[in-house]
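Dear colleague,

I am passing on the structure we talked about, with the sequence alongside it. Please open it first, and then read the notes below with the model in view.

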Amino acid sequence: MLLDRLQRPFRGVRIVHKSPSPDDPDSVSVQIIPYRRLDDHEVQRVLAQVADNDSIGRGRIVTSALASSEQTAFRAAGFVDREALHLLRHSLNDIPVQSGTPVRTRAGRRTDLSSVLTIDRASFDRFWALDRDAFTAAKKATPTHRYRIALVDGTIAGYAITGRAAQSSFLQRLGVAPEHRGKGIGSQLVIDAMNWAKADGASSMLVNTQTSNENALRLYESLGFALSAEKLMVLQWNQ
Ligand SMILES: CC(C)(COP(=O)(O)OP(=O)(O)OC[C@H]1O[C@@H](n2cnc3c(N)ncnc32)[C@H](O)[C@@H]1OP(=O)(O)O)[C@@H](O)C(=O)NCCC(=O)NCCS
């Protein structure tokens with residue numbers, strides 16, 4: 001997924017322009033990422049800006065994953081459901097202990113990026129896969145973050161990005177190369193993320209995952225994450 005351009009029309013929202021696939025009418029050309037609840041007027045301002053733009057082509061205009069209180073103004077403007085996401089939470093008072101032999105981990109480096117993005121593309125479908133800019137944006141989404149790499153025989157086998165803002169931490173991204181799954185690497189990266197977040201001042205960790213992603217859901221639940229009753233929703237403009 002190419003990310004052509006970032007725009008910040010006003011404080012609290014980011015617009016990401018992507019390259020829609022010409023043969024997929026459901027591919028995305030614009031993603032609206034609000035960092036706070038937008039009102040009706042603000043959603044109209046954003047829409048006026050993106051709907052005016054020739055680069056949209058035939059692709060869809062979608063939002064990032066929104067909590068229900070954040071959806072109201074978008075629904076009023078004609079947005080409808082595109083994809084539901086589970087939201088899971090873990091208290092950092094009871095972090096599980098790593099079982100099995102841990103693999104080597106270290107801080108992610110700039111030179112790791114192309115290997116990490118290869119794992120990312122193998123791990124997520126086109127809508128969710130990150131490119132370089134989106135990867136950087138995921139790291140910068142919170143005041144502090146941890147970017148960790150897992151290595152098997154010197155090769156990058158997995159990665160995790162975790163952020164913290166105030167008392168909350170967020171597992172932003174987690175991927176393990178298909179050939180290295182089922183060996184405990186995902187669990188190790190999540191436990192590492194929890195220990196870092198607690199030491200960095202967080203009291204809980206949140207993660208969201210596609211409702212269809214059974215592997216991730218099983219992993220998080222086996223580590224003690226609790227499913228929240230509320231689902232997040234990616235909305236799509238019904239133009
Ligand atoms: C979800 C994901 C990160 C899990 O990574 P993983 O490294 O396979 O996770 P783990 O190995 O720790 O755990 C997976 C399973 O392997 C088992 N396992 C753990 N250690 C093991 C070991 N040493 N030997 C054999 N199996 C093991 C776990 O019990 C778990 O089994 P379960 O699914 O029956 O509960 C990986 O499948 C992935 O990258 N998926 C695509 C991207 C994605 O979904 N990311 C998360 C989105 S929010």
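What follows is a description of the chain as a whole, then of its strands, of the surroundings of the ligand, and of a few single residues.

Please keep in mind throughout that this is a predicted model, and that the values below are computed from it.

**The chain as a whole**

The protein chain has six helices and 11 strands. Its radius of gyration is 18 Å, close to the 18 Å that the globule rule gives for 239 residues, so the protein chain is as compact as a globular protein of that length. Taken along the principal axes, the box filled by its C-alpha atoms is roughly 55 × 35 × 30 Å. Buried residues account for 31% of the 239 residues. If one takes the contacts between residues at least 6 apart in sequence, 68% of them join residues at least 24 apart.

The domain assignment divides the protein chain into domain 1, residues 3–77, and domain 2, residues 89–229; the C-alpha centres of these two domains lie 26 Å apart.

**Strands in the two domains**

In the earlier part of the sequence, strand 3, which covers residues 28–34, is a good place to begin, since five of its seven residues are buried. Strand 3 is joined by five bridges to strand 2 (residues 13–18), and these two run antiparallel, with His17 standing opposite Val30 in strand 3. Strand 3 also pairs with strand 4 (residues 60–66), here in the parallel sense and over four bridges, and Val30 stands opposite Ile61 of strand 4. Val30 can therefore serve as a landmark when you look at this group, as it faces His17 in one pairing and Ile61 in the other.

Later in the sequence, strand 10 can be described in a similar way. Seven bridges join strand 10 to strand 5 (residues 79–91) in an antiparallel arrangement, and in this pairing Leu87 is opposite Asn208 of strand 10. Strand 10 is also joined to strand 9 by three bridges, with these two strands running parallel, and Ser169 stands opposite Met205 of strand 10.

**Around the ligand**

Which residues come nearest to the ligand? Of the 21 residues around the ligand, they are Ser123, Arg181, Gly184, Gly186 and Ser187. The elements that give two or more residues to this shell are strand 9 (168–176), helix 5 (185–199), strand 10 (204–210) and helix 6 (214–222), and the largest share, five residues, comes from helix 6. Sorted by class, the shell holds seven nonpolar, 11 polar and three charged residues.

**Single residues to look at**

Ala193 is found in helix 5, one of the elements that contribute to the shell around the ligand. Is Ala193 buried or exposed? With 26 C-beta neighbours inside 10 Å, Ala193 counts as buried, since the cut-off for that class is 20 or more. Leaving aside residues up to four places away in sequence, Ala193 touches Arg146, Ala160, Thr162 and Leu171. Thr118, by contrast, is 75 residues from Ala193 in sequence and lies 21 Å from it in space, C-alpha to C-alpha.

Two residues have a positive phi although neither is a glycine, and you may wish to look at both. Asp153 has a phi of about 50° and is found in the loop between strand 7 (144–152) and strand 8 (155–165); Asp153 is exposed, with 7 other C-beta atoms within 10 Å. Ala166 has a phi near 55° and lies in the loop between strand 8 and strand 9, where, with 10 C-beta neighbours inside 10 Å, Ala166 counts as exposed.

Finally, Asn238 lies in the segment after strand 11 (226–237), and with 13 C-beta neighbours inside 10 Å it counts as partly exposed. Not counting residues up to four places away in sequence, Asn238 touches Gly78, Phe79 and Val80. Asn238 and Ala157, on the other hand, are 81 residues apart along the chain, and their C-alpha atoms are separated by 39 Å.

With best regards

Conventions:
Residues are numbered from 1 along each chain as its sequence is written. This is a predicted model: local features need pLDDT of at least 70, side-chain atom pairs count only at pLDDT 80 or more; totals for chains, interfaces and linings use all residues. A residue is near a molecule or strand if its C-beta atom, placed from the backbone, lies within 6 Å of it. Ala, Val, Leu, Ile, Met, Phe, Trp, Tyr, Cys and Pro count as nonpolar, Asp, Glu, Lys and Arg as charged, and the others, Gly among them, as polar. The radius of gyration is taken over C-alpha atoms; the globule rule is 2.2 Å times the number of residues to the power 0.38. A residue is buried if 20 or more other C-beta atoms lie within 10 Å of its own, exposed if 12 or fewer, and partly exposed in between; C-beta atoms are placed from the backbone. Two residues are in contact if their C-beta atoms, placed from the backbone, lie within 7 Å. Domain bounds come from an automatic or database domain assignment. Two strands pair if DSSP finds at least two bridges between them.
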